[in-house]
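I open this notebook to record what I looked up in the structure. The entries follow the order in which I examined the salt bridges and the helices.

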Amino acid sequence: MKIHREDHQAVTVLKPEGEIGRFESPQLRHCLEKLIEEKRCQVVLDLEDVKFIGSPTILMLLRLNREFLGHGGKIKLLKPRNVVKRFLSIGRVLELFDRYETKVEAVQSFAIREPGAPGDPIHEPVDKLREVAHKQKQVLLRLLDILRRKGILDMERFNSEMNRSAQLVFEVFRKELDTGYSQRSAKDP
């Protein structure tokens, strides 16, 4: 996998090409960790030429985005393809990243702010995932309580169906990953 790098003042654009599965993920991780060492924490990840993204890469991006947030920066996504969006949508991961359709827009989105000014990235919530999950949980718990009180919802059956649904989602995710790895293996001699 090739990863092209462009520096635009304080913003770095990384553009990987091909597939970012289990074997390619460490290469991207190394590039991102190197940027943290260089104190270049405003990153645009151009996914236009990425045909596949695996679950190890998604987990790595979440972990490193948290590190970038801790250093006052962020990873923003540029032009993710539909297949990549689909993988990132599992578990609502796509919501945790800002997305742009043009490089100019993505680079300019990193507005220079004075430290401590309103909107300073250091003062934004570091763990957006926890914030989103907490809000969704509160809404769902209120809804479940209303349905339970009205006698519409059998909690035991509901819990059983939720467990079954979660298993199906992970099964679909695993099949998608296996298909991606199989397609990639078929291309390699």
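**Entry 1: Asp46 and Lys15.** I began with the side chains of Asp46 and Lys15, which form a salt bridge with an N to O distance of 3.9 Å. I note that the model is predicted. I then asked which elements hold the two residues. Asp46 belongs to strand β4 (residues 42-46) and Lys15 to strand β2 (residues 11-16), so the salt bridge ties together parts that are 31 residues apart in sequence. I also looked up how accessible each partner is. Asp46 has a relative accessible area of 3% and is therefore buried. Lys15, at 22% relative accessibility, counts as partly exposed.

**Entry 2: Lys15 and Asp49.** I next found that the side chain of Lys15 also meets that of Asp49 in a salt bridge, at 3.4 Å from N to O. This pair links distant parts of the chain, 34 residues apart: Lys15 is in strand β2, and Asp49 is in the loop between β4 and β5 (50-53). I recorded Asp49 as partly exposed, with a relative accessibility of 27%.

**Entry 3: Arg63 and Glu33.** I turned to a salt bridge between the side chains of Arg63 and Glu33, with 3.6 Å from N to O. Here the linked parts of the chain are helix α2, which holds Arg63, and helix α1, which holds Glu33; the two residues are 30 apart. Both partners are partly exposed: Arg63 has a relative accessible area of 38%, and Glu33 has one of 27%.

**Entry 4: the shared network.** I asked which residues are joined by salt bridges that share partners. One network of this kind takes in Lys15, Asp46, Glu48, Asp49 and Lys79. For the structure as a whole, I noted 15 salt bridges.

**Entry 5: surroundings of Arg63.** I returned to Arg63 in helix α2 to list its contacts. Once neighbours within four places in sequence are set aside, Arg63 is in contact with Arg29 and Glu33.

**Entry 6: how α1 and α2 are placed.** I asked at what angle the axes of the two helices cross. The axes of α1 (residues 25-37) and α2 (residues 55-70) cross at roughly 5° and come within 10 Å of each other. Angles under 35 degrees count as roughly parallel, and the two helices are therefore roughly parallel to each other. On the side of α1, I listed Ser25, Leu28, Arg29, Leu32, Glu33, Leu35 and Ile36 as making the contact. On the side of α2, the contact is made by Pro56, Thr57, Met60, Leu61, Arg63, Leu64, Glu67 and Phe68. I sorted the residues of this contact by type: nine are nonpolar, two polar and four charged.

**Entry 7: helix α2 itself.** I checked the span of α2, which has 16 residues. From its first C-alpha to its last, α2 reaches 23 Å, close to the 22 Å expected at 1.5 Å a residue. I then asked which residues of α2 are buried. They are Ser55, Thr57, Ile58, Met60, Leu61, Leu64, Asn65, Phe68 and Leu69. My last note concerns Gly72, which follows α2 and has a positive phi, near 85°.

Terms used. Residues are numbered from 1 along each chain as its sequence is written. This is a predicted model: local features need pLDDT of at least 70, side-chain atom pairs count only at pLDDT 80 or more; totals for chains, interfaces and linings use all residues. Side-chain values use heavy atoms; hydrogens and water are left out. Axes are lines fitted to C-alpha atoms, for helices over the stretch in contact, and angles run from 0 to 180 degrees between N-to-C directions. Helices (H or I, at least four residues) and strands (E, at least two) are DSSP runs, numbered from the N terminus. Angles under 35 degrees count as roughly parallel, over 145 as roughly antiparallel, 65 to 115 as roughly perpendicular and the rest as oblique. Contact means heavy atoms within 4.5 Å. Ala, Val, Leu, Ile, Met, Phe, Trp, Tyr, Cys and Pro count as nonpolar, Asp, Glu, Lys and Arg as charged, and the others, Gly among them, as polar. A salt bridge is a side-chain nitrogen of Lys or Arg within 4 Å of a carboxyl oxygen of Asp or Glu. Buried means under 20% relative accessible area, exposed over 50%, partly exposed in between (1.4 Å probe, protein chains only). The expected span of a helix is 1.5 Å times one less than its number of residues.
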